[in-house]
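Please work through the exercises below with the sequence and the model side by side. Each one sets a task and then solves it step by step.

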Amino acid sequence: MKIWLDGGLQDSESARVSVFDHGLTVGDGIFETVKTVDGRPFALTRHLDRLTRSARGLGLPDPDHDEVRRACAAVIEANPAPLGRLRITYTGGHGPLGSDRGEHGPTLVVALGATSRRPDSTAVITVPWTRNERGALTGLKTTSYAENVVALARAREQGASEALFGNTAGQLCEGTGSNVFVVLDGEIHTPPLASGCLAGITRALAIAWTGARETDLPLDVLERADEVFLTSTLRDVQAVHRVHDRELPGAPGPVTAKAMRIFDERSGHDLDP
């Protein structure tokens with residue numbers, strides 16, 4: 001595998017990032033995961049715009065979009081895959097062992113791994129931990145991801161592929177790596193950004209293409225929703241057939257199935273919407 005590290009392609013086995021990189025020592029970094037289809041990235045412009053928003057939220061220098069695009073193109077060309085997970089990581093760079101940043105400048109890494117299409121439906125759980133909708137990192141896609149690692153491990157233990165969080169106000173928020181939508185009386189709803197959820201790229205496209213409404217939702221809406229689905233870069237739109245012990249028979253339901261069809265059609269016609 002070839003990866004991009006600080007200005008050029010390198011073999012993954014020989015590429016090295018400093019053990020003092022702030023992304024490693026204190027989680028001072030941001031990232032994006034981009035889907036590639038037959039060697040072309042999907043929604044790359046939107047992902048780069050969010051990368052910049054996250055950088056500004058952490059106080060990192062704005063990433064050079066031209067450089068990141070060159071890096072993505074080089075990595076995609078060097079690692080052919082019908083369906084791929086392109087990971088862009090941008091950290092605070094070499095720094096001291098504490099929380100203060102160094103003066104060496106940021107680190108940019110781009111890597112790609114082959115992946116496969118997700119199943120049409122999946123199982124989810126909720127977890128007892130909360131998202132802080134008023135936190136310093138709220139809405140930023142940072143490498144400080146340990147909370148998600150713990151929650152996803154809990155989901156795997158219970159035969160699910162995703163864990164859903166509420167926020168400190170008891171409202172439905174998001175998954176470890178996905179946004180969540182519910183269908184109530186034939187209408188699609190999803191938590192607003194004020195709930196503390198990430199401004200997902202697929203979430204924004206699903207709202208625009210399906211007419212979904214942003215609504216404050218209690219966490220227990222999952223106990224009565226007619227249908228539930230997730231969105232993310234690699235899930236696209238994915239139905240939920242079980243929430244904890246509650247089965248949602250026939251998933252994907254009619255509203256979710258239509259949303260899946262619309263997303264597949266629209267994303268297939270425009271790779272950079």
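The exercises that follow treat helices, salt bridges and single residues in turn. The model is predicted, so local features are taken only where pLDDT is at least 70 and side-chain atom pairs only at pLDDT 80 or more, whereas totals for chains, interfaces and linings use all residues. Residues are numbered from 1 along each chain as its sequence is written, and side-chain values use heavy atoms, with hydrogens and water left out.

**Exercise 1. Describe helix H3: what is its span, what caps its N-terminal end, and which of its residues are buried?**

Step 1. Helices (H or I, at least four residues) and strands (E, at least two) are DSSP runs numbered from the N terminus. Helix H3 covers residues 65–78, which makes 14 residues.

Step 2. The expected span of a helix is 1.5 Å times one less than its number of residues. From its first C-alpha to its last, H3 reaches 20 Å, close to the 20 Å expected.

Step 3. At the N-terminal end, Asp64 acts as the cap, with a side-chain oxygen 2.9 Å from the backbone nitrogen of Asp66.

Step 4. Buried means under 20% relative accessible area, exposed means over 50%, and partly exposed lies in between (1.4 Å probe, protein chains only). By this rule the buried residues of H3 are Val68, Ala71, Cys72, Ala74, Val75 and Ile76. When reading such a list, recall that an α-helix has 3.6 residues a turn, so residues three or four places apart point the same way.

**Exercise 2. Examine the salt bridges of Arg56, Asp264 and Arg131: which side chains do they join?**

Step 1. A salt bridge is a side-chain nitrogen of Lys or Arg within 4 Å of a carboxyl oxygen of Asp or Glu, and the structure holds 12 of them.

Step 2. Arg56 meets Asp62 at 2.7 Å, N to O; Arg56 is exposed at 56% relative accessibility, while Asp62 is partly exposed at 40%.

Step 3. Asp264 pairs with Arg117, their closest N and O atoms being 3.6 Å apart. This pair links distant parts of the chain, 147 residues apart, since Asp264 lies in helix H6 (residues 254–269) and Arg117 in the loop between strand S6 (107–114) and strand S7 (121–131). Asp264 is partly exposed at 35% relative accessibility, and Arg117 is partly exposed at 48%.

Step 4. Arg131 pairs with Glu147 at 2.8 Å between the closest N and O atoms. Here too distant parts of the chain are linked, with Glu147 in helix H4 (residues 146–157) and Arg131 in strand S7, 16 residues apart. Glu147 is partly exposed at 40% relative accessibility, whereas Arg131 is buried at 9%. Salt bridges that share partners join Arg131, Glu147 and Glu174 into one network.

Step 5. Contact means heavy atoms within 4.5 Å. Not counting residues up to four places away in sequence, the residues that Arg131 touches include Glu147, Asn148, Phe165, Cys173, Glu174 and Thr176.

**Exercise 3. Determine how helix H5 is placed: how do the axes of H5 and H6 cross, and which residues meet?**

Step 1. Axes are lines fitted to C-alpha atoms, for helices over the stretch in contact, and angles run from 0 to 180 degrees between N-to-C directions. The axes of H5 (residues 201–210) and H6 come within 10 Å and cross at roughly 105 degrees.

Step 2. Angles under 35 degrees count as roughly parallel, over 145 as roughly antiparallel, 65 to 115 as roughly perpendicular and the rest as oblique. H5 and H6 are therefore roughly perpendicular to each other.

Step 3. In H5, Thr202, Leu205, Trp209 and Thr210 meet Ala259, Ile262, Phe263, Arg266 and Ser267 in H6.

Step 4. Because 7 of its 10 residues are buried, H5 is largely enclosed by the rest of the structure; among the buried residues are Ile201, Arg203 and Trp209. Just after H5, Gly211 takes a positive phi of about 80 degrees.

**Exercise 4. Characterise Ser161: is this residue buried or exposed, and which residues is it in contact with?**

Step 1. Ser161 sits in the loop between H4 and strand S8 (162–167), and with a relative accessible area of 15% Ser161 is buried.

Step 2. Leaving aside neighbours within four places in sequence, Ser161 is in contact with Thr122, Ala123, Leu152, Arg156 and Arg235.

Definitions and conventions
Polar contact = N/O pair within 3.5 Å; in protein donor to acceptor, adjacent residues only side chain to side chain.
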